[in-house]
Amino acid sequence: MAASASSIALKVSTPSTTVSWLRDHPLSSIFGVTSLSLNRHRDQPRRFVVLSMDAKPTILVAEKLGEAGLKLLKEHANVDCSYNLSPEELCTKISLCDALIVRSGTKVNRDVFESSAGRLKVVGRAGVGIDNVDLAAATEHGCLVVNAPTANTVAAAEHGIALLTAMARNIAQADASVKAGRWERSKYVGVSLVGKTLAVMGFGKVGSEVARRAKGLGMHVIAHDPYAAADRARAIGVELVSFDEAMTSADFISLHMPLTAATNKILNDETFAKMKKGVRIVNVARGGVIDEDALVKAIDAGIVAQAALDVFTVEPPAKDSKLIQNENVVATPHLGASTMEAQEGVAIEIAEAVVGALKGELASTAVNAPMVPAEVLSELKPYVTLAEKLGRLAVQLVAGGSGVKTVKVTYASARAPDDLDTRLLRAMITKGLIEPISSVFVNLVNADFTAKQRGIRINEERVILDGSPESPLELIKVQIANVESKFASAISDSGEITVEGRVKDGIPHLTKVGSFEVDLSLEGSLILCRQVDQPGMIGKVGSILGEENVNVSFMSVGRTAPRKHAVMAIGVDEEPSKQSLKRIGEIPAIEEFVYLKL
């Protein structure tokens with residue numbers, strides 16, 4: 001082999017006569033192009049393949065990206081801008097690329113990762129949502145997925161305000177009327193914003209920016225976010241209220257919550273019935289948070305006067321959609337992030353994330369878990385599951401308005417500290433704490449950054465036990481300080497929300513809630529009840545669930561003393577109806593209860 005400063009010659013000798021790509025050759029990841037195998041007959045002379053000695057990685061940009069982002073990429077990599085690729089064309093190109101950048105229109109599925117043959121190291125999603133990327137396949141193939149979650153904040157907030165004002169003054173309808181040759185001043189009389197109450201549902205980045213702007217318009221702003229800190233809201237003159245209070249007192253409702261299991265169709269027949277007659281609704285968050293059929297009924301019934309929507313359950317919505325065709329609905333085609341400035345900001349943010357990831361830097365916007373050594377993952381697997389579920393339980397026990405700031409995690413183990421790396425466990429606890437109430441994806445790469453960004457301080461403590469170190473951990477305890485709980489019995493004697501768990505026969509178990517000992521497998525979902533300890537309680541609750549065909553997987557009772565108080569923990573496979581939960585709460589001996597999703 002002979003090499004110069006600009007090229008390298010590779011001598012190839014094989015018995016076949018075909019020409020094939022050597023995708024897995026070590027040189028393919030070092031040099032800018034894939035090496036070729038030129039095979040020959042025995043009587044043919046030896047041949048050489050000359051490869052470009054280009055150390056830069058190759059980045060495929062499959063959808064349009066702002067010029068500032070492209071410029072940054074070109075400073076660090078060879079950039080191939082190929083738009084509107086078919087799935088087959090993408091799979092063909094990807095074997096020559098180290099990174100791929102897409103928006104929402106390109107499906108990055110398992111076929112793409114398999115076609116890359118291991119070369120693809122980073123996928124960048126220029127935007128927030130990653131529904132079009134197969135995260136499981138990416139992780140299996142050791143490919144990091146990053147997104148650009150912050151650059152759209154101001155643009156989305158501004159669009160929310162634009163829809164708010166356009167709706168209040170019938171701008172879209174009046175414009176269409178004038179262009180149709182009509183002059184209908186009396187028909188399009190609007191409403192003023194000054195002095196009206198705006199309920200901001202979701203007080204994150206976008207929600208808080210909408211609140212600031214609405215205050216400037218003279219509106220009275222309230223907000224609902226069970227995990228936002230009240231002092232942060234007060235700093236901009238916003239009062240945090242309960243969900244029901246927001247629904248019943250708002251003249252305008254602006255949605256800024258992520259789409260999670262808890263928020264899916266959160267605006268439904270039941271919630272519309274609680275609203276003021278003539279309420280107006282803006283949605284620049286996620287389409288799925290509104291039951292669209294229920295919204296149509298609420299508009300027809302006069303409960304909702306108008307709606308201004310930028311997002312829909314299915315995009316684009318059907319042309320004959322009753323919601324879209326309703327004259328009291330203003331609709332835009334998912335334009336929340338569509339400003340020139342936001343597009344450039346997204347381009348720069350995703351370019352920086354992709355370039356940094358290719359350099360081996362930790363990406364704070366990573367949305368999939370990095371590969372963990374198989375032997376470590378195998379041993380910690382049940383404890384990883386336990387850690388995430390304890391985090392999920394703990395955060396769901398927090399009452400709204402106080403905000404999670406301080407979390408203490410205790411690990412009890414017979415192993416020496418150097419023999420137990422808790423970073424993965426801490427990351428999974430952080431994942432459990434944040435993901436149920438956010439659209440952020442948390443993993444080992446971004447866990448600490450994400451917690452810090454949200455003002456959550458996680459303190460770890462290790463308790464060294466006597467005994468055999470064969471098992472990595474004896475127990476994990478998660479405590480949230482300085483918060484109120486929606487289930488008072490979850491508050492321990494020391495004043496924190498406390499949940500504790502162990503792994504038994506490879507299965508994560510909840511073993512303590514507050515000061516009460518329990519024992520049940522962390523599967524399905526969970527009902528916690530504090531009750532007067534008396535005969536027949538298990539039967540009464542079980543009968544209510546049985547009538548609705550809700551299967552009880554586990555049941556455990558922990559008590560302070562016989563005939564005193566007890567906490568009953570019930571594992572269920574299906575979600576009970578609100579009516580069934582109400583009936584459980586009405587049992588005279590039950591003092592409080594809470595339903596928690598695992």
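Which residue of strand 25 is the bridge partner of Q531? Let's find out by walking through this predicted model, starting with the strands around that residue.

## Strands 23, 24 and 25

The bridge partner of Q531 in strand 25 is A566. This pair belongs to a longer match: strand 23 and strand 25 run antiparallel and are joined by eight bridges. Strand 25 also pairs with strand 24, again in the antiparallel sense, this time over seven bridges. One of the pairs here links F554 with G571 of strand 25.

How many of the eight residues of strand 25 are buried? Seven of them are, so strand 25 (residues 565-572) is largely enclosed by the rest of the structure. If you look along a strand on your screen, keep a simple pattern in mind: in a regular strand the side chains alternate between the two faces of the sheet.

Now move to S525, which is found in strand 23 (residues 525-532). Is S525 buried or exposed? Its relative accessible area is 13%, so S525 counts as buried. Leaving aside residues up to four places away in sequence, S525 touches I570, G571, V572, Y595, L596, K597 and L598. With one of these, Y595, the side chain of S525 makes a polar contact of 3.3 Å.

## A parallel sheet

Elsewhere in the chain you can find an open sheet of seven strands, paired in parallel and ordered 12-11-10-13-14-15-16. Strand 12 (239-240) and strand 16 (329-331) stand at the edges with a single partner strand each, so one side of each has no neighbour in the sheet. Helix 7 (residues 205-216) packs on this sheet, where it touches strand 10, strand 11 (220-224) and strand 13. The direction of helix 7 makes about 170° with that of strand 10.

Strand 10 (residues 197-201) and strand 13 (residues 252-255) are parallel partners, with four bridges between them. Among the residues involved, V200 has S254 of strand 13 as its bridge partner.

## Helix 11 and its surroundings

Helix 11 covers residues 292-300, and its buried residues include A294, L295, V296, A298 and I299. What do the buried residues of helix 11 pack against? Their neighbours are helix 10 (269-274), strand 14 (279-283), strand 15 (304-309), helix 12 (322-325) and strand 16.

The N-terminal end of helix 11 is capped by D291, with a side-chain oxygen 3.2 Å from the backbone nitrogen of D293. Just after helix 11 comes G302, with a positive phi of about 85°.

H159 is another residue to visit, and it lies in helix 5 (residues 153-168). Its relative accessibility is 14%, so H159 counts as buried. Beyond residues up to four places away in sequence, H159 touches V284, D310, T332, L335 and G336. H159 and V282 are 123 residues apart in sequence, while their C-alpha atoms are 10.0 Å apart in space.

## Some unusual backbone angles

Most residues other than glycine have a negative phi, and most peptide bonds are trans. Here are two asparagines with a positive phi, both in loops.

| Residue | Phi | Loop | Relative accessible area |
|---|---|---|---|
| N482 | about 60° | between strand 19 (475-481) and strand 20 (497-504) | 69%, exposed |
| N549 | near 60° | between helix 17 (537-547) and strand 24 (552-559) | 66%, exposed |

The peptide bond between E315 and P316 is cis, with omega at about -10°. You will find P316 in the loop between strand 15 and helix 12.

## The whole chain

Stepping back, the chain has 18 helices and 26 strands. Of its 598 residues, 49% are buried. Among contacts with a separation of 6 or more, 65% are between residues 24 or more positions apart. The accessible surface comes to about 28,200 Å², and carbon and sulfur atoms account for 52% of this area.

How confident is the predictor, and where is the score under 50? The average pLDDT of the chain is 85, and 88% of the residues score at least 70. Over residues 1-53, however, pLDDT stays under 50. For that stretch, the model has 93 contacts beyond four places in sequence.

Conventions. Residues are numbered from 1 along each chain as its sequence is written. This is a predicted model: local features need pLDDT of at least 70, side-chain atom pairs count only at pLDDT 80 or more; totals for chains, interfaces and linings use all residues. Side-chain values use heavy atoms; hydrogens and water are left out. Two strands pair if DSSP finds at least two bridges between them. Helices (H or I, at least four residues) and strands (E, at least two) are DSSP runs, numbered from the N terminus. Contact means heavy atoms within 4.5 Å. Axes are lines fitted to C-alpha atoms, for helices over the stretch in contact, and angles run from 0 to 180 degrees between N-to-C directions. Buried means under 20% relative accessible area, exposed over 50%, partly exposed in between (1.4 Å probe, protein chains only). A polar contact is a pair of N or O atoms within 3.5 Å; within protein, one must be able to donate a hydrogen and the other to accept it, and residues adjacent in sequence count only if both atoms are side-chain atoms. pLDDT is the predictor's confidence in each residue, from 0 to 100. Accessible areas come from the Shrake-Rupley method with a 1.4 Å probe; for residues, only the protein chains shown count as cover.
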